[in-house]
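Please open the structure in your viewer and keep the sequence panel beside it, so that each selection can be found in both places. The tour makes a few stops, and at each one you will be told what to select.

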Amino acid sequence: MPSLTLPQIPHYEPAPPTKEPLEYADLAVIDLSKTKTPEGRLELAAQVREAMTTIGFFYVINHGLTSAQNTRMFDIADVPFSQVPEDEKKAFHADIKGAKSYQGYKLRQYWHIDAGVRDQIEHYNLARDVTKKQHPKALVPLLPEIDAFARLNHFEILHTLLRLFALGMELPEDTFVKEHNFDAPGESYGLLYPIFSYPRSEDDEVKTKNVWLKGHTDIGSVTILWSQPVSALQILSPDGKWRWISHIENALVVNAGDAMDALSGGFYKPTIHRVVQPPPDQRGYTRLGIFYFAMPDNDVKLVPHAESPVLQAHGIRWRFEEANAPTMEMWRKGRVAAYGLTQLTKGEGNVEEELINGIVLKHYN
Ligand SMILES: O=C(O)CCC(=O)C(=O)O
Ligand SMILES: [Fe+2]
């Protein structure tokens, strides 16, 4: 991080952590400082593999950002929402339908959630190469810090995790790293991907049964979420129960998405998760998140690394038929363009379905 005089911006004060007795998921904590030695990496690879083949979510600590830098990043993440006038936000809106891209703003009310209720979630998504696009005026002085943060997310965190994922399948350590290049074309949509949720009306809460974002799996390979105190994220546990994710100061919450499911032949499962109304003592607060939704490069075909001895022993599950397997670009564009807009059809039980590029995508209630 640049350490000379930093541009002055307002401080974002998040809600205090909840005191409600919520039922939390019990997740492993991966200490990334142990990756400096080959023995440490093997130990962590086993831990990650255990987490990713059971619950599918884990925490990461000692990732390289100090507490003070973390606070600063949340202050920066708030700028696109609190310091940019509405008309400038509109001018920087993402071309979601046309370019099938989230880069720029997704303003509120774009997605249909349920029963005629639209979302109250605003995004400002920047590509990891912050120089590729223009940004609102208030963000320009902050780009050097955002750039450093993007590189930390990509090289220090994502690549380190991808090495552990490869080791867990007894693949060469750089197998997945080679499919996630910083400079390759591809959206890896979002480096700093702040998501800002506004409190909703009671009427919206009732109509949607308190669901802000329905159960889903993520599009990409690895989702890195910078832990924040407003409880709302829940994961579907292997026993079929929704459990809350608890907040750990300056930790990451990590999970795999559809692309990793495909590349790993079903070994690393994309866990279903959703966002619901926060507990009573956190209602009325805004909720600011920072994400790095990593995706393989555009041209990576979403087929299993069948050469993995672990996969050969476990059995390979093909997410897509080999002949029809999409590239990451096709999968991303199909999902981004359709999400929250297409009419869902009723599947089994509480599942709703939509068809994207000939592939059924499920939404879980
Ligand atoms: O807001 C959250 O905590 C999770 C959001 C999420 O799952 C997503 O945007 O894919
Ligand atoms: Fe998600």
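The stops below visit a pair of helices, then a single residue, and then a ligand, in what is a predicted model.

**A pair of helices**

Begin by selecting residues 38-52, which form helix α1, together with residues 143-168, which form helix α4; these two helices pack at an angle of about 80°, and their axes lie 8 Å apart. Because angles from 65 to 115 degrees count as roughly perpendicular, α1 and α4 are described as roughly perpendicular to each other. To see where they meet, select Arg-41, Leu-42, Leu-44, Ala-45, Val-48 and Arg-49 on the α1 side, and then add Arg-163, Leu-164, Phe-165, Leu-167 and Gly-168 on the α4 side. If you colour this contact by residue class, you will find seven nonpolar residues, one polar residue and three charged ones.

**A single residue**

Next, select Thr-18, which is found in the segment before β1 (29-31). Is Thr-18 exposed, partly exposed or buried? With 19 other C-beta atoms within 10 Å, Thr-18 is partly exposed, since a count of 20 or more would make a residue buried. Now add Pro-280, which is 262 residues away along the chain, although the C-alpha atoms of Thr-18 and Pro-280 are separated by 8.5 Å. Leaving aside residues up to four places away in sequence, Thr-18 touches Ser-231, Pro-279, Asp-281 and Gln-282.

**Around the ligand**

Finally, select ligand 1 and the seven residues around it, of which Asp-218, Leu-233, His-273, Val-275 and Gly-289 come nearest. Coloured by class, this shell shows four nonpolar residues, two polar residues and one charged residue.

Notes. Residues numbered from 1 in each chain as written. Chains lettered and ligands numbered in written order. Predicted model: local features only at pLDDT ≥ 70, side-chain atom pairs only at ≥ 80, totals over all residues. Near = placed C-beta within 6 Å. Nonpolar A, V, L, I, M, F, W, Y, C, P; charged D, E, K, R; others polar. Axes fitted to C-alpha atoms, helices over the stretch in contact; angles between N-to-C directions. Helix = DSSP H or I, 4+ residues; strand = E, 2+ residues; numbered from the N terminus. Parallel < 35°, antiparallel > 145°, perpendicular 65-115°, else oblique. Contact = placed C-beta atoms within 7 Å. Buried ≥ 20, exposed ≤ 12 C-beta atoms within 10 Å, placed from the backbone.
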